[in-house]
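Thanks, everyone, for making the time this morning. I would like to walk through one helix and a few charged pairs, and I will ask you to keep the model open while I talk.

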Amino acid sequence: MPFSVRISLIACLATLLLPAMSLPSTQCFAQLEKSPWIEAADIRIPADKKAQITTGPPGCPVVIVNNDVWHVKSKRVVQTLPESPEIGDFRCLSANGMYFAAYGGSNFDKGRSVNVWNLVSGELVATVPGQSRYSYPVMKIMYNRYLLVAPDGGETLVIWDLQENRRTRDIKVRTTRIEEGQLTVSPDGKYLALVEGDRVSVLTLADGRYAGNLAAPIKDPTARFQSTLGANSIEDLEFSPDGQEMAAIYSSFDVQRLIVWDGSGQIKHDIPVNIPYGRFNEHSLTWLPDNKGWIVDGNVIHRESRKITAQIKRPQRESDQIAVLDPYFVLGRFGEDAEVITMIAIPWEEVERSLEAMKTPENCIVGPGVKASLLVYMRGESGESIEKARTQIGDAIVQQLRQYGMSYAADQDITFRFNVEPASLEHRLGQAKLALLRGGNPDPIWEHTFSLSSSNGFLDGLNKKQLNDAEIRSLAREISQLQIPYFIPRAPQYLPLPLVVE
């Protein structure tokens, strides 16, 4: 089985065994047995590609699939909401799972109301009237009682008391445009942060006064003339669970960065997130409890090492967030063709032990200090443009090795091989692949197939024996975004990293 470490970590709970390798069962069980969610580890909630899925803040006890309210610990439907009024594209849950708010339409449906249900009684308990020119893409429930709704036209935010079903106050902001993912409220309800033009502003909710702005990250720290990133490129903005920090995903054409600010608005972390262009899912930022790190589009980023330590495969274009239950358990649709919601666990003790072991080269088959060979095959074609492509692809792979403390050298036990497979009935132009080989064995221990969007032009050009610069750059760009294996251990007590959860 390829090293892509096709681990179903839920098997750690059901059988205490992990396919493709094994963990000591006592270790695996010890770190999870105290979690209150362990009894629900085998949960399976039907949810096909068309399902509307709503999850709440960390620890929220319910998940809503279409109109069914599932209680996670009991693994059953505890409430079914009526078909009317409509549950639209914008929805939110209170942290305790009692209230569910939903806008009655999509971004194109102006003037609809925001409706709120009590999930214990199933009753519609509040209705926030819409405005004819606006939709409501952002909703936040504070203190398990107060609903903040933000119209896409900005200017005035509304706070609604759900227990008394009345408007309590309005908040004026300095923007006429609010998008999903660009407004957030601290867990204690004290602060509001939102994108206003090219900056992120912070307000105190008690009086609506401005507390300041967050520092803007540098667009390209290596450039001679430096400029800052505008906040309008933010895809998701979230306070930390303790309200002491804030994080955002900045996304441009082919680069995503996770920016984290401290309580004074200064940048603490600026972490590149390698997600190939065309795959990135917006509004996908989730904080992990206990300051463990973050999940960005299924990529689990370890705070201390700043590395992606696990990759949770998800359906392409999946727009639903992964629900965080506690430091170990997360809930969502996992796998490229998933049609059920399941729970998986992240074995943090083993991950951190492996990160420590990686610092010693003797522990590594692949890891810092290791040298790797490189093979770049072009179907035997030659020519000026072919040789140029061979050089740029090789350089991109070597740059990836350097990022993780590895280097290139000839005739090594470990080899990265770029290969263009011939055309077939299934693949009209063939396929471009990058594989990791060991010891002359032709079977890869890791393999990546390049996306059609980045490789089709390249494959077509190679068939015509003439590649242009744009085709070469497209493939080299995807190589620069790849998350390659950066630790394959020699000893079985350590985990290969990053884990790939399918």
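Before the charged pairs, one cut-off: a residue is called buried when its relative accessible area is under 20%, exposed when over 50%, and partly exposed in between. Please also keep in mind that this is a predicted model.

With that cut-off, K110 is partly exposed, because its relative accessible area is 38%. Its partner is D152, and the two side chains meet in a salt bridge at 2.6 Å, N to O. K110 sits in the loop between β8 and β9, while D152 sits in the loop between β12 and β13, so this pair ties together parts that are 42 residues apart in sequence. D152, at 14% relative accessibility, counts as buried.

A second pair is R145 with D161, where the closest N and O atoms are 2.8 Å apart. R145 belongs to the loop between β11 and β12 and D161 to strand β13, so parts that are 16 residues apart in sequence are tied together. R145 counts as partly exposed at 21% relative accessibility, whereas D161 counts as buried at 1%. Which residues are linked with these two in a network of salt bridges? They are E164 and R166, which join R145 and D161 in that network.

The third pair is E447 and K433, with the closest N and O atoms 4.0 Å apart. Here E447 lies in strand β35 and K433 in strand β34, so the pair ties together parts that are 14 residues apart in sequence. E447 is partly exposed at 32% relative accessibility, and K433 is buried at 14%.

Let me turn to helix α5, residues 452-463. At 1.5 Å a residue, its twelve residues should span 16 Å, and the end C-alpha atoms are 15 Å apart, which agrees. Where do the buried residues of α5, namely S454, S455, F458, L459, G461 and L462, lie around the helix? They cover an arc of only 165 degrees around the axis, which puts them on the same side of α5. On the other side, L452 and S453 are exposed. The buried residues pack against α4, β33, β34 and α6, and just after the helix K465 takes a positive phi of about 65 degrees.

Finally, in helix α4 we find Q400, which is buried with a relative accessible area of 4%. Leaving aside residues up to four places away in sequence, Q400 touches I479, S480, Q481, L482 and I484.

Key
Residues numbered from 1 in each chain as written. Predicted model: local features only at pLDDT ≥ 70, side-chain atom pairs only at ≥ 80, totals over all residues. Heavy atoms only, no water. Helix = DSSP H or I, 4+ residues; strand = E, 2+ residues; numbered from the N terminus. Expected span 1.5 Å × (residues − 1). Arc of directions from axis to C-beta. Buried < 20%, exposed > 50% of the residue type's maximum accessible area, 1.4 Å probe, protein only. Contact = heavy atoms within 4.5 Å.
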